[in-house]
Amino acid sequence: MRAPGGRNGLAGAAMVLGVIGLSTSIVFIGGLFGVIGLVLGIVALITTKQTGIGRGKAITGVVTSTIAIVVTVLVAIFMVWYANNTQECYRPDSFQQYKQCVHEQLTGN
């Protein structure tokens, strides 16, 4: 039975943290917001079984937090790959030399 006018603060917090995590996931801090949002979202889902309030927000929080974590991990993997493949280019005399070196390293020419 749903309580009239009730709110689930955990579900709202999970949703907000998931959205913030998703929007900041390319700068690595989104992963932290995503982890916190995921935990809050799971706890909110458990409480919605008892109260019946905030299920949609809790699900949104879990989904967006999960996506934020995945995007953060993918960005980290890409950054490591890029740094590994272009490590010889880190001391160029000019930006043009850096661009040329990166192009050569990534294309194999």
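The following exchange examines helix packing and two individual residues in a predicted model.

Student: How are helix α1 and helix α3 oriented to each other, roughly parallel or roughly antiparallel?

Tutor: Helix α1 spans residues 9–23 and helix α3 spans residues 55–85; their axes come within 7 Å and cross at roughly 25 degrees. Angles under 35 degrees count as roughly parallel. The relation of α1 to α3 is therefore roughly parallel.

Student: How many charged residues does the contact of α1 with α3 have?

Tutor: In the left-handed crossing of α1 past α3, the α1 side of the contact consists of A11, G12, A14, M15, G18, V19, G21 and L22, while α3 supplies K57, A58, T60, G61, T64, S65, I67 and A68. Lysine belongs to the charged class, whereas glycine is counted as polar. By class, the contact has 8 nonpolar residues and 7 polar ones, and the number of charged residues is 1.

Student: Is α1 roughly parallel or roughly antiparallel to α2?

Tutor: The axes of α1 and α2 come within 8 Å, and their crossing angle is roughly 155 degrees. An angle over 145 degrees counts as roughly antiparallel. Consequently, α1 and α2 are roughly antiparallel.

Student: Which residues of α2 meet α1?

Tutor: The crossing of α1 past α2 is left-handed. From α1, the participants are L10, A11, A13, A14, L17, I20 and G21. The residues of this contact comprise 11 nonpolar, 5 polar and no charged. On the α2 side they are G30, F33, G34, I36, G37, L40, G41, V43 and A44.

Student: Is N8 buried or exposed?

Tutor: N8 lies in the segment before α1. Leaving aside neighbours within four places in sequence, N8 touches A44, T47, T48, I53 and G54. Its relative accessible area is 13%, and the cut-off for the lowest class is under 20%. N8 is therefore buried.

Student: With the side chain of which residue does the side chain of N8 make a polar contact?

Tutor: Among the residues in contact with N8 are T47 and T48. The polar contact between side chains has a distance of 3.2 Å, and the partner of N8 is T47.

Student: What is the phi of F28?

Tutor: F28 is placed in the loop between α1 and α2, the latter covering residues 29–51. With 42% relative accessibility, F28 counts as partly exposed. Most residues other than glycine have a negative phi. F28 is not a glycine, yet its phi is positive, at about 70 degrees.

Technical notes. Residues numbered from 1 in each chain as written. Predicted model: local features only at pLDDT ≥ 70, side-chain atom pairs only at ≥ 80, totals over all residues. Heavy atoms only, no water. Axes fitted to C-alpha atoms, helices over the stretch in contact; angles between N-to-C directions. Helix = DSSP H or I, 4+ residues; strand = E, 2+ residues; numbered from the N terminus. Parallel < 35°, antiparallel > 145°, perpendicular 65-115°, else oblique. Left-handed = near helix turned anticlockwise from the far one by under 90°. Contact = heavy atoms within 4.5 Å. Buried < 20%, exposed > 50% of the residue type's maximum accessible area, 1.4 Å probe, protein only. Polar contact = N/O pair within 3.5 Å; in protein donor to acceptor, adjacent residues only side chain to side chain.
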